[in-house]
Amino acid sequence: MHRVASVGNTNNNNSNRPRKEKRLTYVLNDSDDTKHCAGINGLAVLKYAVSDGSDYLFTGSRDGRLKRWALSEDVATCSATFESHVDWVNDAVIVGDNTLVSCSSDTTLKTWNALSNGTCTRTLRQHSDYVTCLAAAGKNSNIVASGGLGGEVFIWDLDAALAPVSKFSDTMVDDSSNGMKGSGNLHTVGSSNNISVQTTQTEGYIPISAKGHKESVYALAMNEGGTMLVSGGTEKVVRVWDTRSGSKTLKLKGHTDNIRALLLDSTGRYCLSGSSDSMIRLWDIGQQRCVHSYAVHTDSVWALASTPTFSHVYSGGRDFSLYLTDLQTRESSLLCTGEHPIVQLALHDDSIWVASTDSSVHRWPAEGYNPQKIFQRGNSFLAGNLSFSRARVSMEGSTPVPVYKEPTLTISGTPAIVQHEVLNNKRHVLTKDTSGSVKLWEITKGAAVEDYGKVSFEEKKEELFEMVSIGTWFSVDTRLGSLSVHLDTPQCFYAEMYSAELNIAGKPEDDKVNLGWETLKGLLAHWLIKRKQRIGSPALANSELLSGKDIAARSLAHSRIDVDGNSENDVMVYPPFEFPVVSIPSIITEGTEGGPWRKRVTDLDGTEDEKDFPGWCLDCLLNNRLPSREATNFYLHPCEGSTAQILTQGKLSAPRILRIHKVINYVVEKMVLDKPLDSVVDGSFSPGLAGSQLQVQAVGDGSFRSGFKSWQKLRPSIEILCNNQVLPPEMSLATAKTYVWKKNEDLVLHYRVVQGR
């Protein structure tokens, strides 16, 4: 606790403002890691003819991950998780024999070895906004197109994109999920549809930019030969492109709202489009006109899939319903209804996989080889050709009866977290998921510590309220369906607590624990150990890889000698980071190269350095350097009418966590002792000088200069007040300012003698 001089004018020149440091995020989930925990946006099927004997389903989720499911008649087993994207996965396609391509709201495309354990082979960075959709060719298996919210459409030749790249170019290609940026040249198409080449060298990959969209692109489709591409979005038109040049060949008008789904037949003659106007339209591209309109849905159409002969279309959307429609006769049947909007479809032999905004995927009968069997079951109707016709039938009570009541197989996900509240102790977060379950998370441990079941979120929040004020050191969001905890410097080092408050055994109760620092050490304990092993430190006694509590325990045992490696960096991890073994936290961050990346903490191998981690994070973990901590400024005066002497004439400053009983001890010292102590007995404070140059010492708990052995006989009983309210001795300055002072001004405290000297 020390004096603070009056604040003068400061130079706030923006040119001197430091650049924003990069963030480190860790993602927590306490459920089975083999399951998705957010809606499914992408589906792709890989047939056994080109795999290892099993049919595979690939799912891409809003949780930022893709999963591979080995399929059998009545079970689907998760055989791999593909983790590298740092935001929603919005689409996925299979290209060639075993290349999986995904796109994300993180603005990237990623390529993966589909039959690997989750190996990302390349990251393609060209989009300036969310990448929303992909399209792949059939026979021409190296071509894939991507579209996004920026109105951009790119056509990629993956054979060239995945080849070794040279060093300098406009197109950014990473060798891996968080590797070095590579290169390539870029074709751009101007408003006249003439192609210009932007390049800094004569060699390298050239992706094609199909320019023409002024607004967001939501849907793409490509013919089997890879020569024709169709695109649609918020402009309500279907654009047709020549993929070989990127030139726009024609524009199809007819929809009255956003286009959300597109299909092309194998020859490229016919196109199907689904729109937010609830209509499905069949276009003859050669004749450049709409030849049929189908009104079967009562709300937006978001997903389309066709039979191999392009004779029938399966459609799903915002009305939770899956329909089958004969494109020639207009006969339609309601196959099934669900509880969530349908966002993606994938035909698989005689079945169809249905993905929705829920984290589960369902397989329904589809009779893909002979869809007429479904119409033979009855309950079919003729699709109208006006968008309101199905809505009108629905309102009249003539809603079709679903052909199927239950799916033949369900790949279950886990409920997504949709609501959260950071409690004011700044260690716990209360969450609620889509099932209504309420849980309490310990951020410093990386785990859910209480499952309250389906209770009132608001009532539980009120029940858990504590009148404490801890510095805000992290932020949280649930965009990925799980708990993403964001650490930014210097804020993440603002929160301190005494070890007694954390119930840490074997540690002096007045020792301070920096929550952000200790959380980082616990979170990255595995990386610290692996790094130490790689740079030649003696191996651990038992060096097998561990996870969950075992990693935390191993890190605790070796943090002094194996991790920190010097006497100034021998801080143990308090409290231990005890994430569940079945769901290991992921890290999302970036360093100086390669852009943002995501990995499970147990997949870090110790090679990661400043190219991968933010500099401040490494400085904290390896050099034990932290930014200056946040302080609370306050004034300390005698109560009005008191005969007690005035002890200070200026502003004081102390850590936010300083307890009122230490302020009491400070007052006692100043009143009882003839002069200030010669040294600071609480090592966490440093004396300061005010304008009057009067020195004020910080005071610890009951430890005074040994020469005053009889001082306790003279000790007065002191009370500290704020706003005429007596403050409890265990209250912190920050809590007093937040809940008692309640002003955006420096705290003002008063003291009074209850029992004289």
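How many bridges join strand β18 (residues 217-222) to β19? There are 5, and the two strands run antiparallel.

Before selecting anything, note that this is a predicted model, in which local features need pLDDT of at least 70 and side-chain atom pairs count only at pLDDT 80 or more, while totals for chains, interfaces and linings use all residues. Residues are numbered from 1 along each chain as its sequence is written, and side-chain values use heavy atoms, with hydrogens and water left out.

**Stop 1: β18, β19 and β20**

Select residues 217-222 and then 228-233, which are β18 and β19. Strands here are DSSP runs of E with at least two residues, helices are runs of H or I with at least four, and both are numbered from the N terminus. Two strands pair if DSSP finds at least two bridges between them. Methionine 222 has leucine 229 of β19 as its bridge partner. The hairpin of β18 and β19 has 5 residues between the strands, and among them glycine 226 takes a positive phi near 75°.

Add residues 237-242, strand β20, which pairs with β19 in the antiparallel sense over 5 bridges. Here serine 231 is matched with arginine 239 of β20. This hairpin has 3 residues between its strands, and lysine 236 in the turn has a positive phi of about 70°.

Now look at β19 alone. In a regular strand the side chains alternate between the two faces of the sheet. Met228, Val230 and Gly232 lie on one side of β19, Leu229, Ser231 and Gly233 on the other, and all are buried. Buried means under 20% relative accessible area, exposed over 50%, and partly exposed in between (1.4 Å probe, protein chains only). Because 6 of the 6 residues of β19 are buried, the strand is largely enclosed by the rest of the structure.

**Stop 2: a four-stranded sheet**

Select residues 259-264 and 289-294: these are β22 and β25, the edge strands, each pairing on one side only. The sheet is open, with 4 strands in the order β22-β23-β24-β25 and antiparallel pairing. From one strand to the next the twist averages 25° (axes are lines fitted to C-alpha atoms, for helices over the stretch in contact, and angles run from 0 to 180 degrees between N-to-C directions). Strand β24 (residues 280-284) is joined to β25 by 5 bridges; aspartate 284 has arginine 289 as its partner.

**Stop 3: the largest nonpolar core**

Select Leu24, Leu487, Leu520 and Leu524, which touch the most other members of the 41-residue largest nonpolar core. Such a core is a set of buried Ala, Val, Leu, Ile, Met, Phe, Trp, Tyr and Cys residues joined through side-chain atoms within 4.5 Å. Helix α8 gives the most to this core, with 5 residues.

Stay on leucine 24. Beyond four places in sequence, its contacts (heavy atoms within 4.5 Å) include Val485, Ile587, Phe613 and Trp616.

Then move to α6 (525-534). It is largely enclosed by the rest of the structure, because 7 of its 10 residues are buried; among them are Trp527, Leu528 and Lys530. Just after α6, glycine 536 takes a positive phi of about 100°.

**Stop 4: confidence**

Colour by pLDDT, the predictor's confidence in each residue, from 0 to 100. The protein averages 81, and 78% of the residues score at least 70. Of its elements, β27 (residues 312-317) has the highest mean, 98, and β16 (residues 195-198) the lowest, 28. Finally, select residues 165-171, where pLDDT stays under 50.
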